[in-house]
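Reader: Could you walk me through this model, starting with the overall fold and then going into the details?

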Amino acid sequence: MKKIFMSPLFMPIAFIVLWSAFMAGVYYLYPNDILKITDEGGEIEDITHFGYVILIAVLLIRSDDFGDRVKTWATLFFLAMCAFLREQGIQHHLSQTDTTPFKSRFFLNPNNPLSEKIIFGTVLLIVAGAVIYLAIKYSKHLIRSFFQFNPVTWSIAVLCTVGVCAKLVDRFPSNWKKAHNGVSLPEQTYAICQLLEESSEMFLPYIAVGVLYQFKLQK
C-alpha cells in the first residue's frame with residue numbers, strides 16, 4: 001500500500017478518479033439542485049471547510065517533520081489559515097463600503113476609504129510575499145525533482161494545477177458575459193461551471209494533506 005501511495009502517479013490518478021466520481025454523482029443524483037449544493041452554505045462548502053480543518057490540524061501535529069525549516073512550516077500554516085478564512089467568506093465582512101477588499105475594483109473605486117486600501121493592500125502583499133518566498137526557495141528543487149518522478153513534487157503539481165483551473169473556471173461566466181454584450185451563460189451551463197469550480201476547490205485541502213503525508217513517508 002505504501003508503495004502505491006508513494007508512486008508519482010498516485011495523486012494524479014486518485015484525484016481524477018475521485019473528482020470524476022464526485023462530479024458524476026452530484027450531476028446525476030441532484031441535477032436540479034446543483035446551484036443549491038454549490039452555493040455558500042451548501043454541502044460542498046461544508047466538505048471544503050472540513051478539509052481545511054484537517055489540513056491545519058495536520059500541520060500543527062506534524063510540525064516536527066519540517067525540522068529546522070521553521071520558516072517553511074510557518075509560511076505553509078499562514079497560507080492554510082488564509083485559505084480557510086477565505087473559504088469561510090471573511091473577505092465579505094471586512095470592508096464597510098464594498099463586498100470584498102481583495103479585488104482590483106476595490107482599490108480603483110474612489111468611494112472606498114484610503115485607510116482600508118492601505119490595510120488590505122498590505123495583507124495582499126504579505127500573502128503574495130509568502131507565495132513568492134516558497135516559489136523562490138523551492139522552484140529549482142521542484143523542477144528538478146519533477147523530472148526525477150518525485151511523488152511529493154508530482155502531488156504539488158496536481159495541487160497547483162487544480163487550483164489554477166478552479167480559478168479559470170471561476171472567471172469564465174463573467175468573462176463570457178463581458179464578451180457577449182451582457183448575455184449570461186445558460187443556467188444549466190452556469191450550474192456545471194459552478195460544480196466544476198467548487199468541486200475542484202473542495203479537493204485542494206485534501207490534496208495538501210496527501211502531500212504532507214507523502215513528505216513524512218519520504219523523510
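Author: What follows is a talk about the fold, the core, one helix, the aromatic rings and two loop residues.

Author: This is a predicted model, in which local features need pLDDT of at least 70 and side-chain atom pairs count only at pLDDT 80 or more, while totals for chains, interfaces and linings use all residues. Residues are numbered from 1 along each chain as its sequence is written, and side-chain values use heavy atoms, with hydrogens and water left out.

Reader: How many helices and strands are there in the protein chain?
Author: The protein chain has 9 helices and 0 strands, where helices (H or I, at least four residues) and strands (E, at least two) are DSSP runs numbered from the N terminus.

Reader: And what is its radius of gyration?
Author: The radius of gyration, taken over C-alpha atoms, is 19 Å, close to the 17 Å that the globule rule gives for 219 residues, so the protein chain is as compact as a globular protein of that length. That rule is 2.2 Å times the number of residues to the power 0.38. Along the principal axes, the C-alpha atoms fill a box of roughly 50 × 50 × 30 Å.

Reader: What share of the residues is buried?
Author: Buried residues make up 37% of the 219 residues, where buried means under 20% relative accessible area, exposed over 50% and partly exposed in between (1.4 Å probe, protein chains only).

Reader: Which residues touch the most other members of the largest nonpolar core?
Author: Leu55, Leu59 and Ile207 do, in a core of 30 residues. A nonpolar core is a set of buried Ala, Val, Leu, Ile, Met, Phe, Trp, Tyr and Cys residues joined through side-chain atoms within 4.5 Å. Two or more residues come from each of helix H2 (10-29), helix H3 (34-38), helix H4 (43-61), helix H5 (70-87), helix H8 (151-179) and helix H9 (187-218), and H9 gives the largest share, 11 residues.

Reader: What is Ile207 in contact with, leaving aside neighbours within four places in sequence?
Author: Ile207 is in contact (heavy atoms within 4.5 Å) with Met11, Phe15, Ser155, Val158, Leu159 and Val162.

Reader: Back to H4, what covers its buried residues?
Author: The cover includes H2, H3, H5 and H9, and among the buried residues of H4 are Glu45, His49, Tyr52, Leu55 and Leu59. At 1.5 Å a residue, counting one less than its number of residues, the 19 residues of H4 should span 27 Å, which agrees with the 27 Å between its end C-alpha atoms.

Reader: Changing topic, how many aromatic pairs are there?
Author: A search of the whole structure finds 11. Rings of Phe, Tyr and Trp (its six-membered ring) pair if their centres lie within 6.5 Å, and planes under 30 degrees apart count as stacked, over 60 as edge-to-face and the rest as tilted. Tyr27 and Tyr28 have ring centres 5.3 Å apart and planes at 90°, so that pair is edge-to-face. Trp73 and Phe77 are stacked, at 5.2 Å centre to centre with 15° between the planes, and, being 4 residues apart in helix H5, they are separated by about one helical turn.

Reader: Which residues form an aromatic cluster?
Author: Phe15, Trp19, Phe22 and Phe203 form one.

Reader: Last one, where is Asn181 found?
Author: Asn181 is in the loop between H8 and H9, is exposed with a relative accessible area of 75%, and has a positive phi of about 55° although it is not a glycine. Phe149, in the loop between helix H7 (114-146) and H8, has a positive phi of about 60° although it is not a glycine.
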